Structure formats: structure tokens, C-alpha cells
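Here is a short tour for a first look. Keep the sequence and the structure side by side as you read.

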Amino acid sequence: MKGFELYEPTTIGEAVETLNRLGSGAKVLAGGSDLVSGVMKDWVEGEGMPLPDALVDVTTIPELRGIRVDENGATIGANTTLTEIVESAELTSQYPLLTESARSVASSLIRNFATLGGNIHQRPRCWFFRGHDFDCLKKGGDFCFSVGGDNRYHAIIGSDQCYIVHPSDTATALLALNARARIAGPEGERTVAFDDYFVSPGEDILRENILRDNELMVDVFVPAPAPGTRQSWIKLKNRQVYDFALVSVAAAFTEENEVWTAGRIVMGGVAPVPYRATVIENQLQGANVRDTARQAAAQIRTVARPMSQNAYKIDIAQTLVERTLLEALA
Ligand SMILES: Cc1cc2nc3c(=O)[nH]c(=O)nc-3n(C[C@H](O)[C@H](O)[C@H](O)COP(=O)(O)OP(=O)(O)OC[C@H]3O[C@@H](n4cnc5c(N)ncnc54)[C@H](O)[C@@H]3O)c2cc1C
Ligand code: SF4
């Protein structure tokens, strides 16, 4: 692994100042399960993706960690571990969708040190991207190897030049819960809704979110759900012990006598960003959820454009959406 300088700021201001001074050669470090044990150990680099010379460890900043819940919602520090989220009784009672999505990430060993911020900002798992010998578009090269290669786990919706699927389970759940992120940078703080947080390859092929090199995520705010909000999370994976989502579905909605009044359906494993399935939500608006679930789920077929080896994901996506809606009602 390439050597690097390690910085250990103790305040957000110090971390931002360090990132700003060091420029694009520095990266934020949290648990390190993706950045160090994945990207850096495996030399995932290219012209558009140089390996960092410096890491700014943010786990030394106490104010980035912790969960606070009040009548307005929950604020979760970016450094909060996935295990802390899973084990939070307050989060589980109000946001079972979020705690179940966190529980479905990796193994308990990894969840013990992997953070929320790291989970949301982890890099894609496309095996060509992760392979040192493939200088693909996402690393600044001029070719996407998935088009003619093994693309069984790639995207079926919304791709442009690059066909990654967004790997984060918590990001999928948080978008369904209408979360927003607080970001600190040299100009101060800004808040960005998860609706606007993720960047598709067509917008910028070298990144997956709007975060700049000199910024870091401080926390995530999840608004208190309306009384009676139905929530459900289903994730299908290949290896049951632990694995990334083949397809996942996060649903959060309100209903009156099972008639959909408002809500969100978000899917993981299908698109380069957590995919909000408005095409399904529109079908459910004002309709009886139980009676319409199958027909609404089938709407995914109108937006899916599979590659040579992943049309099977369309059937999975349709079935999982229907199942998630019915489970939320149960
Ligand atoms: C075997 C294995 C199985 C896995 N399975 C799953 C799975 O099923 N589902 C899933 O969702 N994930 C899965 N993962 C990914 C795992 O969840 C992530 O590696 C982990 O959550 C990253 O957290 P971390 O704190 O270790 O981040 P790090 O590795 O330290 O950082 C990851 C990225 O986030 C950035 N970052 C971290 N914190 C901040 C912050 N506060 N502000 C801005 N940027 C930040 C870093 O710069 C880096 O780019 C798996 C990983 C492994 C190794
Ligand atoms: S899908 Fe994206 S990350 Fe994978 S090879 Fe193609 S350009 Fe690279």
C-alpha cells in the first residue's frame, strides 16, 4: 500500500482547514473499511482518481459521533457506527427502516467500526473499477469494461456511460425517509437534501455525490415520520452471510384505510444512485396499496434498460417492491 501522512484533528474546523490546505491529495478517513482496506490496499487508482497522499482521520472528532432524537426528528453524527445505529432503541422505534438497512450491511465485525458517513460515501463495487488492471472511465480512463464484460451485478436504470450501482444500504433507506445532510466546508456549513446529494455518471463520472474535496459530512437529519407511517426494508443478496444488495427496496408511506396518501419508494442495487421510484409512487397515489401493489410494482419495467446479463434484476425488483409494500401494511 502507498504510504500517506496521517492527520488527527480534534475539531470540525481543524479538519476542514486541513482538508482545504492539502487539497485534492487528501481524503477524509473514518473506519477505513473501504478507503484503506479496499481502495488503497487494492491500488484502485487512475488519472482521474489518484490515491491520496494524506488521510484526515475524523474519528478523533467527538462531535461527529452520536444519536439525538427529539420531536422534530433524529440527528445522527457521521461518525456514528452502524452497530450504534442498529442498537439504538429510539431509532428502531421511529425508523425501523433505517435500523434494518444498517443491520443488513456487511458483518457485525465490520458494522462495529464502519461509520454512517463512510457507508454513504463508500466507492462503488464494480469489479472492473476495483480491479487494478482496468483503467475504466470512472478512474479517468476511456472505456467502460462492463458493457462487453460480465455485467450481471450492474445497473438496470438510469445509467450513462458508467453502469455502477450505488453500494450503500443506509443511503437507500435515508432517501426513503427524506433525510438531509449537514456538510462543513471552508465557507461554513450547508445542508443538502438526500434528494440532491447523489450524482449520476452523466453529471460527473468521477464522483458519486456532491461533496467537495475540502468538505466533510457532519451529520444526517431524519425528519420525524408522520404518525402511522408505514416502513419496510427488504434486501436480496447472493451470499446470505453478508453481501451487497442484488436489489433492495425501502418504503416509507402514509395511508388511510390502506389508500396511499404520501410516501417514497427507493431502490438500491439497480441504478448509479439510490433510485427513487416515482413511477411506482405515482401509480399508488390515491389507490388502495394492497390491491394496487402488484400493478404498481410492474411499472419498474417501463424505466428499466438491462444490460446483456442482468435482465433478471427486473423480475427481482418488481417482486421485491410488491413484497415490501405488503410487508409495510402487515
Ligand atoms: C466484506 C464487506 C461487505 C460489505 N457489505 C456491505 C453491504 O452489504 N452494504 C453496504 O452498504 N456496505 C457494505 N460494505 C461497505 C461498508 O459498509 C463500508 O466499507 C463502510 O460502511 C465504510 O465505512 P467506514 O467508516 O469504514 O469508511 P471509510 O472506509 O473510512 O471511508 C469510506 C469513504 O467515505 C468517506 N467518508 C467517511 N466519512 C466521511 C465524512 N464524515 N464526510 C465525508 N466523507 C466521509 C471517505 O473519504 C471514503 O471515501 C461492505 C464492506 C466490506 C468490506
Ligand atoms: S461500470 Fe463504471 S466503474 Fe464499472 S467499468 Fe464501467 S465505467 Fe468503470
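## A buried serine in α5

This is a predicted model. Start at Ser-101. Beyond its neighbours within four places in sequence, Ser-101 is in contact with Asp-169, Thr-170, Ala-173 and Trp-233. Ser-101 itself belongs to helix α5, which covers residues 96–103. Its relative accessibility is 0%, so Ser-101 counts as buried; the cut-off for that class is under 20%.

## Helix α9 and the residue after it

Helix α9 spans residues 169–176. How many of the residues of α9 are buried? The count is 8 of 8, and the helix is mostly covered. Asp-169, Thr-170 and Ala-173 are among the buried residues of α9, and these three also appear in the contacts of Ser-101. Also buried in this helix are Ala-171, Thr-172, Leu-174, Leu-175 and Ala-176.

After α9 comes Asn-178, with a positive phi near 60°. Asn-178 sits in the loop that leads from α9 to β6 (180–185). Its relative accessible area is 36%, so Asn-178 is partly exposed.

## Another positive phi

Most residues other than glycine have a negative phi. Asn-178 is not a glycine, yet its phi is positive. Trp-43 is not a glycine either, and its phi is also positive, at about 55°.

Where is Trp-43? Look in the loop between α2 (35–40) and β3 (54–57). Trp-43 has a relative accessible area of 33%, so it is partly exposed.

## Ile-12 and Thr-319

Ile-12 lies in helix α1, residues 12–22. Is Ile-12 buried or exposed? With a relative accessible area of 12%, it is buried. Not counting residues up to four places away in sequence, Ile-12 touches Ile-61, Glu-63, Leu-64, Ala-184 and Val-218. Of these, Ala-184 falls within the range of β6 (180–185). Ile-12 and Leu-216 are 204 residues apart in sequence, but their C-alpha atoms are 8.5 Å apart in space.

Now turn to helix α12, residues 312–329, where Thr-319 is found. Thr-319 is partly exposed, with a relative accessible area of 37%. From Thr-319 to Ala-293 is 26 residues in sequence and 9.8 Å in space, C-alpha to C-alpha.

## The site of ligand 2

Which cavity does ligand 2 take up? The space it fills is the largest cavity. Around ligand 2 there are 13 residues. Those that come nearest are Cys-126, Cys-136, Cys-144, Cys-162 and Tyr-163.

The shell around ligand 2 has 10 nonpolar residues. A further 2 are polar and 1 is charged.

## The whole chain

Step back to the full protein chain. It has 12 helices and 12 strands. Its radius of gyration is 19 Å, close to the 20 Å that the globule rule gives for 330 residues, so the chain is as compact as a globular protein of that length. Along the principal axes, the C-alpha atoms fill a box of roughly 60 × 50 × 35 Å.

Buried residues account for 54% of the 330 in the chain; Ser-101 and Ile-12 are among them. Take the contacts in the chain with a separation of 6 or more: 65% of these are between residues 24 or more positions apart.

Key: Residues numbered from 1 in each chain as written. Chains lettered and ligands numbered in written order. Predicted model: local features only at pLDDT ≥ 70, side-chain atom pairs only at ≥ 80, totals over all residues. Heavy atoms only, no water. Near = heavy atom within 4 Å. 1 Å grid on protein atoms, 1.4 Å probe; cavity = no way out; pocket = protein on both sides within 12 Å on 5 of 7 lines; lining within 4 Å. Sits in = over half its atoms within 2 Å of the grid points. Nonpolar A, V, L, I, M, F, W, Y, C, P; charged D, E, K, R; others polar. Helix = DSSP H or I, 4+ residues; strand = E, 2+ residues; numbered from the N terminus. Rg over C-alpha atoms; globule rule 2.2 N^0.38 Å. Buried < 20%, exposed > 50% of the residue type's maximum accessible area, 1.4 Å probe, protein only. Contact = heavy atoms within 4.5 Å.
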